[in-house]
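Open the model in a viewer and keep the selection panel at hand. The tour goes from the whole assembly to the parts of one chain.

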There are 2 protein chains.
Amino acid sequence: MRNILIIGAGRSASCLIRYLLSKTKSENIFITIGDISLESAQRFIKGHANTKGILLNVSNKEQREEAVKNCDIVISMLPARFHIEVAKDCIKFGKNLVTASYINDEMQALDVEAKEKGLVFMNEIGVDPGIDHMSAMQVIDRIKDKGGKLLLFESFTGGLVAPESDDNLWNYKFTWNPRNVVLAGQGGAAEFIQEGKYKYIPYNRLFRRTEIIKIDGFGKFEVYANRNSLKYRSVYGLEDILTLYRGTIRRVGFSKAWNIFVQLGMTDDSYTIPDSENLTYREFVNLFLPYSPNDSVKLKLRHNLKIDQDDLMWEKLEELDVFNNKKTIDIKDATPAKALQKILMDKWTLKEDDKDMIVMYHKFGYELDGEKYRIDSNMVILGEDQVHTAMSKTVGLPVAIASLKILNKEITTPGVQRPLNKEVYEPILKELETYGVYFTEKKLKYLGYNPNNVGG
Amino acid sequence: MRNILIIGAGRSASCLIRYLLSKTKSENIFITIGDISLESAQRFIKGHANTKGILLNVSNKEQREEAVKNCDIVISMLPARFHIEVAKDCIKFGKNLVTASYINDEMQALDVEAKEKGLVFMNEIGVDPGIDHMSAMQVIDRIKDKGGKLLLFESFTGGLVAPESDDNLWNYKFTWNPRNVVLAGQGGAAEFIQEGKYKYIPYNRLFRRTEIIKIDGFGKFEVYANRNSLKYRSVYGLEDILTLYRGTIRRVGFSKAWNIFVQLGMTDDSYTIPDSENLTYREFVNLFLPYSPNDSVKLKLRHNLKIDQDDLMWEKLEELDVFNNKKTIDIKDATPAKALQKILMDKWTLKEDDKDMIVMYHKFGYELDGEKYRIDSNMVILGEDQVHTAMSKTVGLPVAIASLKILNKEITTPGVQRPLNKEVYEPILKELETYGVYFTEKKLKYLGYNPNNVGG
C-alpha cells in the first residue's frame, strides 16, 4: 500500500480528495489528510477506509517531518507561502511533491537537489496556473510538430458565477478569494505585445481597455489584461511571437462599472482610514469626493465621474447599496480596499444553492506552408454545488491525476517543473476529459490584428 | 574672525553665497565653500577677500572632518541624502548646522545629542519647506495670541516661469528638478481634511480635482493637492483644525493637460521600455494606446481619452511635439517617466534670458470672540537672471540669514528643529522683507467650505 499525504483541506481540496478516495482500492493507496484544523482534515473522508485525518500545523517541524517521512508523495494545497518548508522536507526525505501554486524563487532554488535525488516537484498544476498551461502547450506543440510557426497566442481565464445563479447586475459573485478580486491589476502596468509592438496599460486604464469574446451557449464575455504576459514567451517557447496577451474574463459591463471604484481610489490598500469601523457606506464613498455642504454624495459622484443619468453603471452601484447611510464598515483600521470588500461581500457572496463557473479561452494564430490559420479553444466548467465547485474541480482534478501518475511512475522526469511537457499534459488532459473537463476547438479564418500588414 | 563652511555649491546656493559675501567685513566672517567640483566651489567668489573654495567630497571622511573641524557653523546645501554624515561630524566637533531639507528619521535621531551639546541643527529653512513654515506660523501664532481659534489652513507653493518669460501653452518651464515634476503626486493617495471630513484623492484623479486662486497683478493659478497634508496638524499645532490642505501651484489648465500623461501611464517610473533609445516620440506615445493597423496614433489618443477636436489640451500636446516620428528618446533602458522627461526638457528648459517665479499662497480661517474671519496671504518672487533665480533667492536667503543669526547667538535654542518658533521666524522674516521677500495680506469675509453648516 502506497501513502499519499495531502496537506491543507480547504475549499479547493474537495474534488482532489473525492478523486483519490475513489481510487483507494483500485490503486491500493492510503490517504492521510493533514490540516491545522482536525475537523477540516476529517470532513471529506467520513466512513471511508484507507484514509485518516490528522492535525498538522506546518509551522511545527516535528509534526511536519513525521507526516512527510511516512508517505510516498506529498500534495500541498496550502497557500503558496507555506510550500517551501514542506518542499525542503521532501528533499530531505526523498519524496515527490505536487502543488497548484506558481513557482517562486525559493521553490526554483530546490531544482538542482530535486534532480540529484530524482524527485518530481510538480507545480502550477491547478486551473490557472495549470489547465491553462497544459491546454495551451498541447495546441502549441501540435502546431509546431506540423512545422507551423506561431504568430499569436492569447489566453484568458475567469472564475464566475454559473448562469443559473447569475442574478445580479454585475453578473458576478465571489467564487475565488475576494481580496484578490478587489486588488486585481494593481502593482504596475499591464505589459504585453501585439503584432510585435510593446503595449502598456496603467491600472487606471486597465478596466477601460477590454476586449470581447463569445462562447457558444454562454454568450459574450469581456477580458481585461493581466499584468505580465511577456514572461510566457520564454515559459511557452514563443520567443518570436508577434502577439502575446493574457487576461481575466468577466461578463460584459463588469469592468466599466468596476472602473468607478478604481477611479475613486476605493481599491487602494496602502493606507488605513481613521475611525473606519463607524463609517457608513455613504460616508466611505464621500471620502473620495470633494467636500461640499450643499451637494449630495450621489450627485458629486455622478458629476466627478461624468456618469449619465441613464447609465446602467449607476444601477450597479445602487444594487451594492453603496449610498446606504446606516450600514457601517465595521472593520477597525480598514484600508479602502478592505472597506470595499466588505460592501461587496454583502451582495456577492454565493448563496447556499449558488453554483460557480470557470471559463477559459485561448486563441492561436499560426502560419503553415505559407497559409495563415487561427484556432480558438475554450472550456466552460460548471460547479456541482457549494462543495464541489468548478474551482475545486479544475484545481483539484489535475493535481490528483498528476499525483497518481507520479506515484505510478508514469511521470518521472525529475526537477522543479510546470506541466509543459507532452509526457505530463497528454495523459492528464486525456483523463480530465472523462471528468467533463475538456476544450472545444474551432477553426476560424486568420485575421490577427493586422490582416493587411498596415503599419499602426 | 568666524568661519562659515558651505558644503555644496549647486544652483540653489548663489543667493546664499551672495548674501554672506556681502557680510564678510561687517560681520567679520570667513567663508569656505566646499564642493565635489573645485570649479563650482570657486565660481561664486572670484575676487572676494575672506573666502576660499575647496575640493570637498562628502564621502571622503578625512576631507569632511577636516573641513567641519575648522569652522564655526556648517551650511549643507547638498541633496538631502548626504546631510547625515555631515550632521554626525557636527555632533562630533560641536558645530551648529543649517540645511534646507526635510528632517528625516536619521536626522531626528541626533536631537538628543545636539541638545546635550547645546547645538542648533536648523533644517527645513529654505522656501518649501522653509518660508512656508515661517510665514504660516507667524499668522497662526498671531491669531492664537489674540485668543482666536483656527478653523481652516490651506497652503500652496509653486515654482513657475516668470510672466515675462512665459511663452508656451502650458505656462510652465522646469525651474526645479524636472524628475520631481514628472513624478509629482505618485506613491499614494493625497490625504487631507475638509470641514472635519477626511478626503482622499488617488493619483489618477489628482490633476482633475484642482482649485483656483487669484493673485492681484498675476492673475489666476490652480492648485493640486500634495500627498500628505495631515502631518501638519501636529507640526503646526493645529490638532483640532477642521480644514487642512496643502497643494502645488500651476497656471490654470496645466493640470488638465498633464492628466493626459497620467492617464496614459507615461509618468510610470517602475519599469523600463525595451529598445527605448531608438523609440521615436510618436512610438513612445503609441506604447500606451491599443494596437490598430488602420488608425493613427493621434486619433487613437483622442478617442481613448475622449479629447474634443477643439480642446486646448490638444494644442498643448502638439506644442510638445509628442507625435514627432523622427526625434528619438535617446536614453537606454528608459522608464516611461524618463522618456517623458526627455520630451518635456526639449520644450520646458529655461532659455538663457528666462526668469523664474516662486508663488506662495496661504489661507487662514479662524474664530475670534464669536465672529469668523479669513486672512489670505501671498508672496510672489521673480528671478533676477538664470543665476540669481527666485528659487535660489527664496531657498538661500533664509538659510543665510538663519546661519548668521545662529553664529551671532541670536538663535540659540538647541536641537534638531524647524523654523516654527517666534525666536526664529520673526527676525528672519523681518530681514527677508528688506530683500523683497514678503507676504501681502488681505482680510476677506469668512466663508470656509460650509458657511451654513449644512452636512455634506
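**Both chains**

Start with chain A and chain B of this predicted model. A turn of 180° and a shift of 0.0 Å along the axis lay chain A on chain B with an RMSD of 0.0 Å. The two copies are thus related as by a two-fold rotation axis. To locate that axis, select A:Asn204: of the residues of chain A, its C-alpha comes closest to the axis, at 3.2 Å.

**The interface of chain A and chain B**

Next, select the residues of each chain that touch the other. The selection holds 38 residues of chain A in contact with 38 residues of chain B. The copies meet through the same surface, because 100% of the interface residues of chain A are also interface residues in chain B.

About 3,400 Å² is buried between chain A and chain B, and 50% of this area is on carbon and sulfur atoms. Show A:Tyr200, A:Tyr291 and A:Pro293 as sticks: they supply 23% of the area that chain A buries against chain B, more than any other three residues.

Which kinds of polar pairing cross between chain A and chain B? The rule finds twelve residue pairs in polar contact, both residues at pLDDT 80 or more, while the count of salt bridges is zero.

Now colour the chain A side by secondary structure. Strand 8 (190-194), strand 9 (197-201), helix 9 (203-206), helix 11 (254-264) and helix 13 (297-304) each supply at least two residues to the side that touches chain B. Strand 9 of chain A gives the most, with four residues. By class, this side of chain A has 18 nonpolar, twelve polar and eight charged residues.

**Domains within chain A**

Hide chain B and colour chain A by its domain assignment: domain 1 (2-123), domain 2 (131-257 + 352-387 + 439-445) and domain 3 (268-348). Between domain 1 and domain 2 of chain A, the C-alpha centres lie 30 Å apart.

Select where these two domains of chain A touch: five residues of domain 1 are in contact with six residues of domain 2. Together domain 1 and domain 2 of chain A bury about 400 Å², with 27% of it on carbon and sulfur atoms. On the domain 1 side, A:Arg11, A:Arg18 and A:Tyr102 lose the most area to domain 2 of chain A, together 74% of what that side buries.

Finish on A:Arg18. What does A:Arg18 form a salt bridge with? The partner is A:Glu384, with the closest N and O atoms 2.9 Å apart. Across the interface of domain 1 and domain 2 of chain A, the rule finds one salt bridge.

Key. Residues numbered from 1 in each chain as written. Chains lettered and ligands numbered in written order. Predicted model: local features only at pLDDT ≥ 70, side-chain atom pairs only at ≥ 80, totals over all residues. Heavy atoms only, no water. Least-squares fit on C-alpha atoms with pLDDT ≥ 70 in both. Contact = heavy atoms within 4.5 Å. Domains from an automatic or database assignment. Buried area = accessible area lost by both parts, 1.4 Å probe. Salt bridge = Lys/Arg side-chain N within 4 Å of Asp/Glu carboxyl O. Polar contact = N/O pair within 3.5 Å; in protein donor to acceptor, adjacent residues only side chain to side chain. Nonpolar A, V, L, I, M, F, W, Y, C, P; charged D, E, K, R; others polar.
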